[in-house]
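Ready to practise reading aromatic rings in a protein model? Take a look at the structure below, then work through the exercises.

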Amino acid sequence: MSKPVSKQLVVCINNDGYPASLEKRKIYVLLRDAAAEKRGLLRVIDESGDDYLYPKTFFRTIALP
């Protein structure tokens, strides 16, 4: 059996270089990827509906009730 993927929410605060893929102030689903995080990247489901790696500095984690 595979482990369930841990999901978290992040808000985009910067989309420099990725205006078609990310919208500022929009909430995205973050998929935990330890290898990517060690390199300063986050795996996010973007506007295409697929998950891609983006700089960690582009996002802030949020918690919704």
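Here are three short exercises on aromatic rings, each with a worked solution.

This is a predicted model, in which local features need pLDDT of at least 70, side-chain atom pairs count only at pLDDT 80 or more, and totals for chains, interfaces and linings use all residues. Residues are numbered from 1 along each chain as its sequence is written, and side-chain values use heavy atoms, with hydrogens and water left out.

**Exercise 1.** Describe the ring pair formed by Y18 and Y54.

Step 1: Rings of Phe, Tyr and Trp (its six-membered ring) pair if their centres lie within 6.5 Å; planes under 30 degrees apart are stacked, over 60 edge-to-face, and the rest tilted.
Step 2: The structure holds four such pairs. In one of them, Y18 and Y54 sit 5.0 Å apart centre to centre with 90° between the planes, which is edge-to-face.
Step 3: Y18 belongs to the loop between β1 (7-12) and β2 (27-31) and Y54 to strand β4 (residues 51-55), so the pair ties together parts 36 residues apart in sequence. Strands here are DSSP runs (E, at least two residues), numbered from the N terminus.

**Exercise 2.** Decide whether Y18 and Y54 are buried or exposed.

Step 1: Buried means under 20% relative accessible area, exposed over 50%, partly exposed in between (1.4 Å probe, protein chains only).
Step 2: Y18, at 32%, is partly exposed, while Y54, at 3%, is buried.

**Exercise 3.** Describe the pair of Y28 and F59.

Step 1: Their centres are 6.4 Å apart with 85° between the planes, again edge-to-face.
Step 2: Y28 in strand β2 and F59 in strand β5 (residues 59-62) are 31 residues apart.
Step 3: Y28 is buried at 3%, and F59 is buried at 4%.
Step 4: Y18, Y28, Y54, F58 and F59 form one aromatic cluster.

Terms used: Helix = DSSP H or I, 4+ residues; strand = E, 2+ residues; numbered from the N terminus.
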